[in-house]
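Thanks, everyone. Have a look at the model on the screen, and I'll walk you through a few parts of it.

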Amino acid sequence: MRLSTRIALVVGMVVPLLVVVSGWLLVQLVGKDLRTQADERLTARAQSVAVVARGLLRASSHDRPRAEQARQRKLFTTALDVGIRLTGPDTTVMDGPQPAASVPLPAQTRHPSTVRSQGKSWRVLAVPVTGGPRVHGTLWLFSPDTAREAQLVAVRRRVVTVALLAAPLAGAAAWLLAARAARPLRRLQQAAGRLDPHTSAARLDHAPTRITEVDDLARTLQTFLTRYDEQAARTAEALASARSFSAAASHELRTPLMSMQTNLDILEAFQDLDAADRAETVEDLRQEHARLLGLLVMLRALAQGDLVEADSFTVIDMAELADEAAADVRRRYPGAEVAVHSSPAPTIHGWQPGLRSMLTNLLTNALVHGRSADGGAQVTLSLRAAGHEGSPCVVLGVEDRGPGVPHQRREAVFQRFQRRPDSPGSGLGLTLVAQQAALHRAKLRVLDGPGGRGARFEAVFPAAPAHRPVHPALPAHRDWLADPAKRPQGFHKEHP
């Protein structure tokens with residue numbers, strides 16, 4: 001059932017009910033007013049009739065028949081349309097409409113009361129009449145309620161008539177007004193019904209109607225559709241990440257797996273290998289196995305970075321995180337020198353697992369590829385608060401004493417599977433660094449080390465706001481496992 005029809009039915013039922021209730025109140029008020037007017041007229045008539053009644057009782061007490069008859073006629077003339085009944089010591093006079101003589105009447109009262117007899121009702125006022133030792137009695141005045149009841153019946157009929165007429169008229173008017181008011185809602189429904197993400201990228205276009213409920217509903221639908229688009233895009237990215245993960249894993253794992261298969265075939269075919277050859281073959285297997293594990297760990301980390309959401313970001317103490325990463329690297333490389341220099345409490349709003357992986361990979365890359373000519377490994381990790389383009393920021397730097405990175409290679413080193421032939425890594429460590437830099441809106445670049453010696457990897461992060469954390473706007477597209485030629489974002493640029 002349409003909304004306009006529902007409104008018409010409700011109005012068609014409510015309006016007659018309101019008319020009936022209002023009419024009932026009106027009848028009560030009109031009845032009260034009519035009774036008050038009748039009582040006032042009866043009271044006023046009683047004052048003039050009581051004077052004549054006193055003269056009639058005085059004439060009766062002195063036994064003057066001719067005067068008594070004259071006073072009686074005057075009494076009837078004064079009463080007019082009001083019924084009267086006068087009782088005294090020697091006489092009783094009755095005239096006009098009144099209840100039967102057998103009906104008990106009220107005692108002397110100051111205000112009229114109601115008496116019913118044979119289906120009729122009268123307003124009765126009892127007035128004492130006194131004028132001497134033998135002049136005393138009671139005068140009753142009767143005013144029939146017939147006229148008042150007739151007027152009330154007429155009012156009731158008019159109320160019922162108005163209620164019966166109001167039902168269809170109010171329903172029709174409500175239907176017309178509701179249909180007109182619901183027109184923007186129908187247009188909104190039609191616009192929403194035409195949306196089809198399979199055939200068009202168009203979204204809900206709503207012009208303000210100045211109807212609060214319709215405009216609020218349109219904004220709610222637009223917000224819902226925007227969230228739907230975001231979730232659909234994230235689902236598509238998740239599927240793309242899964243495909244890229246499978247493609248990268250199958251491509252990169254093929255070579256070490258084939259090498260391991262060859263070494264296993266050698267061990268199986270040549271049972272009489274001497275100890276040196278067997279040890280070399282087993283060592284190759286261990287290295288290939290370690291490479292496989294490292295590759296899978298890196299692929300998994302990249303996939304997690306592709307799927308992380310903004311609500312996973314919190315305020316991170318970078319100095320504490322740097323100390324943890326340096327301690328972990330020192331345990332893995334006991335002979336290396338890793339120094340950490342940080343200013344007090346540099347904090348950023350970030351994803352803790354991703355930042356920890358970024359620091360670990362930067363330190364590991366510096367230790368593996370930044371060895372000096374004498375074979376020593378010295379790495380310095382620095383953190384400092386600074387200002388960049390008028391905004392507070394945190395500058396992360398990792399420096400080594402190695403041969404450095406040639407200018408023509410400073411962008412390519414961040415691409416996936418880019419590694420030197422003698423590198424024991426997977427070729428994904430710096431790709432993971434670039435991914436985390438993009439997720440945290442950091443500016444990443446490769447510079448010369450101090451004095452032109454070695455390399456310096458530097459990332460400039462926006463500092464965490466002091467008053468409240470703000471969720472970062474993550475990159476619109478994330479697929480770091482895809483082929484670099486197909487990746488739309490320049491993740492290794494200074495301005496991502």
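In the open sheet of five strands, what is the strand order? The order is S2-S1-S5-S4-S3, and the pairing is antiparallel. Strands here are DSSP runs (E, at least two residues), helices are runs of H or I of at least four residues, and both are numbered from the N terminus. Two strands pair if DSSP finds at least two bridges between them.

Before going on, some ground rules. This is a predicted model: local features need pLDDT of at least 70, side-chain atom pairs count only at pLDDT 80 or more, and totals for chains, interfaces and linings use all residues. Residues are numbered from 1 along each chain as its sequence is written, and side-chain values use heavy atoms, with hydrogens and water left out.

Back to the sheet. Its edges are strand S2 (92-95) and strand S3 (113-117), each pairing on one side only. From one strand to the next, the twist averages 25°. Axes for that are lines fitted to C-alpha atoms, for helices over the stretch in contact, with angles from 0 to 180 degrees between N-to-C directions. S3 pairs with strand S4 (residues 120-130) in the antiparallel sense, over five bridges. One pair to find on screen: Thr114 has Arg123 in S4 as its bridge partner.

Now the N-terminal end. UniProt, in an unreviewed entry, lists residues 7-27 and 159-178 as "transmembrane region". Those positions are in the numbering used here, feature names are shortened, and annotations may be inferred rather than shown by experiment. What does the model show there? Residues 7-27 are 100% helix and 0% strand, with end C-alpha atoms 30 Å apart. Residues 159-178 are also 100% helix and 0% strand, and there the end C-alpha atoms lie 27 Å apart.

Helix H1 (residues 3-61) contains Val10. Val10 is partly exposed, at 44% relative accessible area. On that scale, buried is under 20%, exposed is over 50%, and partly exposed is in between (1.4 Å probe, protein chains only). Val10 joins Leu9, Met13, Val14 and Leu18 in a nonpolar surface patch of about 470 Å².

Next, charges. Side chains of opposite charge can pair when their charged atoms come close. The structure holds nine salt bridges. The cut-off is a side-chain nitrogen of Lys or Arg within 4 Å of a carboxyl oxygen of Asp or Glu.

Take Asp448 and Arg410: their closest N and O atoms are 2.3 Å apart. Asp448 is in strand S11 (residues 443-448), and Arg410 is in the loop between strand S10 (391-399) and helix H9 (429-439), so this salt bridge ties together parts 38 residues apart in sequence. Arg410 is buried at 13%. Asp448, at 41%, is partly exposed.

Which residues are linked in a network of salt bridges? Glu399, Arg445, Arg456 and Glu458. Glu458 meets Arg445 at 2.8 Å, N to O. That pair links strand S12 (residues 455-462), which holds Glu458, to strand S11, which holds Arg445, 13 residues apart. Glu458 also bridges to Arg456, with closest N and O atoms 3.0 Å apart. Glu458 is buried, at 7% relative accessibility. Arg456 is buried too, at 12%. Arg445 is partly exposed, at 35%.

That's my tour. Over to you.

Key: Patch = residues over 30% accessible without salt bridge, like charges linked within 9 Å, V, L, I, M, F, W, Y side chains within 5 Å. Areas by Shrake-Rupley, 256 points an atom, 1.4 Å probe, with all protein chains shown as cover.
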